[in-house]
Amino acid sequence: MSDCDDLLRMFQSITTTDHDALIAQFGRLLALDAHTSAFFLESSNWNVETAVNMYLATVSSGDEPEAKFLSDLSQAQSAQFLPHQQILLHLIFQNTGRAAWPAETRLVFTSGVPFGADQDIPVGPIAAGAQVQLDLNTTMPRESGTHYGTWRLMSKDHSFGDPVWIILTVAGERPKDAMVADVGDHGMEVDDEMDVGGYHDNVQPDMEL
């Protein structure tokens, strides 16, 4: 159904102002799930006519979804980490297109090393111009060296936006006599002057970036 007038006539029988009821009826008439229905209604300040027009603009615009990756991962990519160390990465994207991203949008691991992170993260519909932050909980591999993994935003079976390259370096096994300070919730802080598997520089504690 693509005619706005026909859709609005279908909604004329809706007289309730209860938000849950509006979400349920909006989803039933447009064959949308509750999350997507709530997105359009909330974005329209619960005005059904505005929500219908927004929905039609999204599904009929013909525009491919667009995205820009905003996070700067240079700090993590220039550091060295211990085997099995945990790093929380904040991945921020912006919808640079003219329409909301489709409801089925997700961030998907596509190649390389997944670092123990989620490989399929739901994103959902993000309005044009809006930003979204996705948290990637990574764990360093056991093997020393530089490891990479790639994630892509996907809509149905099509990727969009630039690939997100996660490039992290493992310094090597920690020697038994290494001096390690317990810093509680922040993990284990490693003295960057000690020898860690033959590496001396820039060994990082568990961190959030």
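In this predicted model, strands β4 and β5 run antiparallel to each other and are joined over three bridges. One residue to look for here is V108, whose bridge partner in β5 is D120. V108 also has a partner in β7, namely R152. That second pairing belongs to a longer stretch of contact: β4 (residues 106-112) and β7 (residues 145-155) are antiparallel too, over six bridges. If you follow β4 to R106, you will find M154 of β7 standing opposite. As a reminder, strands of a sheet pair through backbone hydrogen bonds, and they may do so in a parallel or an antiparallel sense.

Now step back to see the sheet that these strands belong to. It is an open sheet of five strands with mixed pairing, and reading across it gives the order β2-β8-β7-β4-β5. Which strands stand at the edges? They are β2 (80-81) and β5 (120-122); each has a single partner strand, so one side of each is left without a neighbour in the sheet.

Let us turn to the aromatic residues, which make a handy set of landmarks. The structure holds five aromatic pairs. One of them joins F69 and F93 in a tilted arrangement, with 5.1 Å from centre to centre and 45° between the planes. The two partners come from distant parts of the chain: F69 sits in strand β1 (residues 67-69) and F93 in strand β3 (residues 86-95), 24 residues apart. Their surroundings are worth a look as well. F93 is buried, with a relative accessible area of 2%, whereas F69 counts as partly exposed at 24%.

A second tilted pair brings us back to the five-stranded sheet: Y148 and W165 lie 5.6 Å apart, centre to centre, with 35° between their planes. Why does this pair tie together separate parts of the sequence? Y148 lies in strand β7 and W165 in strand β8, so the pair connects parts that are 17 residues apart in sequence. Both residues can be reached from outside to some degree: Y148 is partly exposed, with a relative accessible area of 40%, and W165 is partly exposed as well, at 44%.

These two rings also take part in a surface feature. Together with I167, Y148 and W165 form a nonpolar patch with about 290 Å² of accessible area in total. I167 is found in strand β8, which spans residues 158-170. Is I167 buried, exposed or partly exposed? With a relative accessible area of 30%, I167 is partly exposed.

For a contrast with that patch, try F40 in helix α3 (residues 34-43). F40 is buried, with a relative accessible area of 4%. F26 is 14 residues away from F40 along the chain, and 9.3 Å separates their C-alpha atoms.

Finally, here is the chain as a whole. It contains five helices and 11 strands. Of its 209 residues, 41% count as buried. The chain exposes about 11,600 Å², and carbon and sulfur atoms supply 46% of that area. How much of the contact network links residues 24 or more positions apart? Such residues account for 62% of the contacts in the protein chain with a separation of 6 or more.

Key. Residues are numbered from 1 along each chain as its sequence is written. This is a predicted model: local features need pLDDT of at least 70, side-chain atom pairs count only at pLDDT 80 or more; totals for chains, interfaces and linings use all residues. Side-chain values use heavy atoms; hydrogens and water are left out. Patches are made of residues with over 30% relative accessible area and no salt bridge: like charges are joined within 9 Å, nonpolar side chains (Val, Leu, Ile, Met, Phe, Trp, Tyr) within 5 Å. Accessible areas come from the Shrake-Rupley method with a 1.4 Å probe; for residues, only the protein chains shown count as cover. A salt bridge is a side-chain nitrogen of Lys or Arg within 4 Å of a carboxyl oxygen of Asp or Glu. Helices (H or I, at least four residues) and strands (E, at least two) are DSSP runs, numbered from the N terminus. Buried means under 20% relative accessible area, exposed over 50%, partly exposed in between (1.4 Å probe, protein chains only). Contact means heavy atoms within 4.5 Å. Two strands pair if DSSP finds at least two bridges between them. Rings of Phe, Tyr and Trp (its six-membered ring) pair if their centres lie within 6.5 Å; planes under 30 degrees apart count as stacked, over 60 as edge-to-face and the rest as tilted.
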